[in-house]
Amino acid sequence: MMVIDDIHGQLTIEFLMILGFSLIITIPLIMGISGSNELNQAMAASRAGALDGSLSDGLAVYSEDAFKDYEVEHLRLVNPSCVKIIKIDYINQGLSQAYNKTKIQLRIHASAPQVKDKADRNCLGDRINFYARKKICESFHTENLTNSLFNPAFSNNYVFTTADVRWM
Amino acid sequence: MGNSIISDPSATLNIDFLITMLFLLMITSSIISISEGRFITAEKTEQLAEARSICEKVAHAIELTYCGGEGHEIRIEMPSSLKGSDYTVKVNQSGVLVMVNGKCGYSFSYLKKISSYNNNQSEVFMFPKNSYILRNVKFNNNSHKVVISED
């Protein structure tokens, strides 16, 4: 009733102008945000995965195959140790021709002061990377697109690989 | 309340309410998705930590029994499950192995003879819900072994 009674039609023009400007601003903003949001989601998933890996490393509770391997070759890893994730960053490596997606390489920085041996650290790092890639695949439901090591991990517009963990 | 909203000529309340609800839903949904992930991680961690804990507890009890001398006894109660999952503990002369959901954790212990009460096997399995008595028993005149028997 009030809108019909408004003889100047001012409210409607204001409304249309606001709506128009909002749409002009919102549409490109949404397009930009959706890309960033996907990357953000993948980074959050990789952090959760890396945390899973570091916990498994830290508590020295492994899958049966890994355990049997460590029992023979990396006896130090059968004992618990302190493994911390320091930070995770990424490098945008441009468009991957093979997958037609933007290729992102994750670099996880971690610390394990009690584990000195390089081969032992590699084993710990491989597990952290594995869980980070696995979590990304689970987050975007792309487990069926990749191999059993989840390497590379896929999202809708990105393909993720992992560099060797940097120990600090 | 319904009347007051209808009679509001500028509809300010309605728009405010909608915008507030929109932001509230956006924030809530993102918090729920983040917290869900964290809860799953926390549960997994708790299970792994419990597995590690039971492993260390059994290894520690074996050490104490062995160090306590002949006749020293310790009673251990095994938890019914590790965060709802079944588990098995295997003890041999070099340490204690716990297996849960296809994962293994191991605690070393100082080399000593281990045996079950009934048969003289060197590898003893411990199962959930059961209570076990660890006893230091003398054998071959001057040697000792830890006998693990169900209570």
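**Exercise 1.** State the area buried between chain A and chain B, and identify which three residues of chain A contribute most to its side.

*Solution.* The area buried between the two chains is about 1600 Å², of which carbon and sulfur atoms give 64%. Buried area here is the accessible area (1.4 Å probe) that two parts lose on being put together, summed over both. On the side of chain A, Leu59(A), Val61(A) and Phe67(A) supply 31% of the area buried against chain B, more than any other three residues.

The model is predicted: local features need pLDDT of at least 70, side-chain atom pairs count only at pLDDT 80 or more, and totals for chains, interfaces and linings use all residues. Residues are numbered from 1 along each chain as its sequence is written, chains are lettered from A in the order in which they are written, and side-chain values use heavy atoms, without hydrogens and water.

**Exercise 2.** Determine how many residues of each chain are in contact, and which side chains meet in a salt bridge.

*Solution.* First, contact (heavy atoms within 4.5 Å) links 19 residues of chain A with 16 residues of chain B. Next, the salt-bridge rule (a side-chain nitrogen of Lys or Arg within 4 Å of a carboxyl oxygen of Asp or Glu) finds one case across the interface. Its partners are Asp52(A) and Lys44(B), at 3.7 Å, N to O.

**Exercise 3.** Find the strand of chain B with which β1(A) pairs, and the sense of the pairing.

*Solution.* Strands are DSSP runs (E, at least two residues), numbered from the N terminus, and two of them pair if DSSP finds at least two bridges between them. By this rule, β1(A) pairs with β4(B), residues 103–108, in the antiparallel sense over three bridges. Within this pairing, Tyr62(A) stands opposite Cys104(B).

Terms used:
Helices (H or I, at least four residues) and strands (E, at least two) are DSSP runs, numbered from the N terminus.
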